[in-house]
Amino acid sequence: SLDARIRQDIEGAASRWLHDVAACRAFGEGLDSARFLEIRYENLVHEPERTLATVCRFLGIRYHEEMLRFYRIANQLGDGYHPHHRNLHNPLSNSSVGKWRERLTPAQRDKVQVMLGSTLKELGYSD
């Protein structure tokens with residue numbers, strides 16, 4: 001993400017996202033569904049309890065409400081000091097969903113659509 005300062009330009013950020021998604025999907029294709037769980041960020045932030053409970057079932061561990069209060073112990077996680085991990089210190093929020101559309105110029109949005117459009121569509125994201 002551009003906000004994470006991992007990539008400074010829109011092409012780099014889009015290329016990284018595309019690469020990461022392709023790598024993850026390729027990895028998952030080689031595994032059966034009992035060994036690979038894909039979750040959507042949007043589901044996590046819109047339905048955190050339900051999504052985290054699904055993850056816990058997949059891992060074979062018990063879900064505890066306290067898991068959603070991770071931000072209380074973020075300093076103990078070891079890498080919360082990275083600028084791109086700054087939100088570890090905050091509760092889950094859906095405020096960033098779709099924010100890229102607001103932050104990018106029309107030309108940048110067009111470039112992202114050209115670069116990522118087919119993958120976004122395959123993943124079920126609408127324009």
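Reader: What separates arginine 16 and aspartate 20 in helix α1?

Author: About one helical turn, because the two sit four residues apart in helix α1. Keep in mind that this is a predicted model.

Reader: What makes arginine 16 and aspartate 20 a salt bridge?

Author: Their side chains meet at 3.4 Å, N to O. The cut-off is within 4 Å, between a side-chain nitrogen of Lys or Arg and a carboxyl oxygen of Asp or Glu. The pair of arginine 16 and aspartate 20 therefore qualifies.

Reader: Why is aspartate 20 called partly exposed?

Author: Its relative accessibility is 37%. Buried would need a value under 20% and exposed one over 50%, so aspartate 20 falls in between. Arginine 16, with a relative accessible area of 33%, is partly exposed by that reasoning too.

Reader: How many salt bridges does the structure hold?

Author: Five. Among them is the one where the side chains of glutamate 11 and lysine 111 meet, at 2.5 Å, N to O.

Reader: Why do you say that glutamate 11 and lysine 111 tie together parts that are apart in sequence?

Author: Happy to explain! Glutamate 11 belongs to helix α1 (residues 10–29), while lysine 111 belongs to helix α5 (residues 106–122), so the pair links parts 100 residues apart in sequence. Glutamate 11 is partly exposed at 29% relative accessible area, and lysine 111 is partly exposed at 37%.

Reader: And how do you know that arginine 69 and glutamate 66 meet in a salt bridge?

Author: Their N to O distance is 3.0 Å, which lies within 4 Å, so the pair counts. Arginine 69 is partly exposed at 25% relative accessibility, as is glutamate 66 at 44%.

Methods:
Residues are numbered from 1 along each chain as its sequence is written. This is a predicted model: local features need pLDDT of at least 70, side-chain atom pairs count only at pLDDT 80 or more; totals for chains, interfaces and linings use all residues. Side-chain values use heavy atoms; hydrogens and water are left out. Buried means under 20% relative accessible area, exposed over 50%, partly exposed in between (1.4 Å probe, protein chains only).
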